[in-house]
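Subject: Structure handover and notes

Hello,

Here is the structure I said I would pass on. Please open it first, and then read the notes underneath.

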Amino acid sequence: MPKALIITYYWPPAGGGGVQRWLKFVRYMRDYGWEPVIFTPLNPEFSNFDESLLDEIPEGLRVIKTSIWEPFNAYKRIIGRKNEEKIQPGFLQESNANSLLQKISVWIRGNLFIPDAKRFWIRPSERNIIRYLKNNKIDVLISTGPPHSNHLIARNVKRATGIKWLADFRDPWTNIDYYEKLKLTRMADRSHHSLERSVLKEADKVITVSWSWAHDFQEKTGVRPEVITNGFDPEDFKSVKSTSENAELIILHIGSLNADRNPHAFWKALSEINANANRGRKIRVKLIGPTDISVFKEIEAFGLYKCIEHIPHLPHKEVITHLFNADVLLLPLNNTPNINGVIPGKLYEYLAAKKTILAIGSTTGDSAKILKETGSGCIFEFNDSSGIAKFLSNELLGDQNHYPVYNEEATKKYSRVELTAVLCKMLEDMIT
């Protein structure tokens, strides 16, 4: 089999969405004639763990681990956190923190750690990979980011060896939704853009996860990535049965819920429904995953605490069970300039659960496109609280005549099995 060496920061026992994409590709690559090799940190700083994902690593997989030094302990001291506390990605704030210290730490993060805090892993990793390539046959090098330091490792190895290289952008770089929050100096901003262009132009193949982001990359750099979306793994859903006979109407959100994703119109609509529903079925909202303090403040302001259940973290297998036991799956999108390209990884698992999706965001974006083609739910604009309230009222009444028709065939192409086939065909084309 041809071999691909995959540089990934996130690998089990890491939990969360960042680990899923390449864990699932690796799970099925051998079925399409490719042998994966993983290159990952020996001592990474994860925000959450999910040891159940270790069971999904293929037997006999070669995993190479190299030590990494990260400045997180110093960063935590600046913002008044303990060493054992975890730092959530994407500016998600779980508690009230000193705002001045927070601003200082953000400035340091954006201007001193370019492209990110994993930058100190670049030099030792490129040396170790080059040494490995001298004694082991690898056909394609793959980097997946963020962290974008992974791409710089691959770029430097490519320059030194000429190996074929595929760069995978799970998220944008300079077009990421929190880029403007980094408080960058002009010099730091130029550096980020310069590094981004070098990766996109020097990689033999670039892929990303949404059509709008592919267009954005092309607009900024002249290079248009190909799109291989995220997806759902059919194996995760085989032994779970769907139920919907709840005494309450269960609305579920899984994954991180940061301030940009806080569904203001949903909380407003829910408060109106609660105020007018004195009898009958009640609504319960389950939030599984790290949740920003601003979300809880709004829930309290609307008097909704009694109908909210928060579970900070669960293993992925248990999350799947909750998906099937819910009535409605909540999908709030980031209210940011790059909204059209935002397709949360949870959307694909929502599709596999075959439960009604309530999405809040751009009705013309890529997430809306997938919802429309699969007939899996309804999407409302960010401020459409009246539309959301009507949706919730229909749910309470059991009136689903207004829903689109679920399209099983359209959903299948988002299977991790099908997506891995596309990836491996792309890798084959790179070496022939």
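The notes below go through the sheets, the helices packed on them, the cores and one residue in detail.

Please keep in mind that this is a predicted model.

The two sheets

One open sheet is made of 6 strands in the order 10-9-8-11-12-13, and the pairing is parallel. Which strands stand at its edges? They are strand 10 (308–311) and strand 13 (377–380); each has a single partner strand, so one side of each is left without a neighbour in the sheet. On average, neighbouring strands here are turned by 20° against each other, direction ignored.

The other open sheet has 7 strands in the order 3-2-1-4-5-6-7, again with parallel pairing. Strand 3 (62–66) and strand 7 (226–227) are at its edges, and because each has a single partner strand, one side of each lacks a neighbour in the sheet. Within this sheet, strand 1 (residues 3–7) pairs with strand 4 (residues 140–145) in the parallel sense over 4 bridges. Ile7 has Ser143 in strand 4 as its bridge partner. Helix 6 (residues 186–202) lies across strand 5 (164–169) and strand 6 (205–208), at about 130° to strand 5.

Strands of the 6-strand sheet

Strand 9 is joined to strand 8 by 6 bridges, and the two run parallel. It also pairs with strand 10 in the parallel sense, over 4 bridges. Leu287 of strand 9 is the bridge partner of His253, and His310 in strand 10 is the bridge partner of Leu287. Of the 6 residues of strand 9, 5 are buried, so this strand is largely enclosed by the rest of the structure.

At the other end of the strand order, strand 12 (residues 356–360) and strand 13 pair in the parallel sense over 4 bridges. Ala359 stands opposite Ile379 in strand 13, and Ile360 has Phe380 as its bridge partner there. Strand 13 is covered on both faces: Gly377 and Ile379 on one side, and Cys378 and Phe380 on the other, are all buried.

Helices packed on that sheet

Helix 8 (residues 264–276) packs on the sheet and touches strand 8 (249–254), strand 9 (283–288), strand 10, strand 11 (328–332) and strand 12. The direction of helix 8 makes about 150° with that of strand 9.

Helix 13 (residues 385–397) also packs on the sheet, touching strands 8, 9, 11, 12 and 13, with its direction at about 165° to that of strand 12. Helix 13 has 13 residues and reaches 18 Å from its first C-alpha to its last, close to the 18 Å expected at 1.5 Å a residue. Its buried residues include Ile388, Phe391, Leu392 and Glu395. The buried residues of helix 13 pack against helix 8 as well as strands 8, 9, 11, 12 and 13. After helix 13 comes Gly398, with a positive phi near 75°.

The nonpolar cores

In soluble globular proteins, nonpolar side chains tend to be buried together. In this model, the largest nonpolar core has 35 residues, and the members that touch the most others are Leu323, Leu329, Leu347 and Ile357. Two or more residues each come from strand 8, helix 10 (316–325), strand 11, helix 11 (346–353), strand 12 and helix 12 (366–374). Which helix gives the most to this core? It is helix 11, with 6 residues. Another core, of 33 residues, lies apart from this one; among its members are Ile138, Ile163, Trp173 and Val199.

As for the surroundings of Leu329, its contacts beyond four places in sequence include Leu252, Leu323, Tyr350, Ile357 and Leu358.

One residue in detail

Thr221 is in helix 7 (residues 211–221). Is Thr221 buried or exposed? Its relative accessibility is 8%, so Thr221 counts as buried, the cut-off being under 20%. The side chain of Thr221 reaches the backbone oxygen of Phe217 at 2.7 Å. A polar atom of that same side chain lies 3.3 Å from the backbone nitrogen of Val223. Leaving aside neighbours within four places in sequence, Thr221 is in contact with Arg197, Leu200 and Lys201.

Regards

Technical notes:
Residues are numbered from 1 along each chain as its sequence is written. This is a predicted model: local features need pLDDT of at least 70, side-chain atom pairs count only at pLDDT 80 or more; totals for chains, interfaces and linings use all residues. Side-chain values use heavy atoms; hydrogens and water are left out. Two strands pair if DSSP finds at least two bridges between them. Axes are lines fitted to C-alpha atoms, for helices over the stretch in contact, and angles run from 0 to 180 degrees between N-to-C directions. Contact means heavy atoms within 4.5 Å. A nonpolar core is a set of buried Ala, Val, Leu, Ile, Met, Phe, Trp, Tyr and Cys residues joined through side-chain atoms within 4.5 Å. Buried means under 20% relative accessible area, exposed over 50%, partly exposed in between (1.4 Å probe, protein chains only). A polar contact is a pair of N or O atoms within 3.5 Å; within protein, one must be able to donate a hydrogen and the other to accept it, and residues adjacent in sequence count only if both atoms are side-chain atoms. The expected span of a helix is 1.5 Å times one less than its number of residues.
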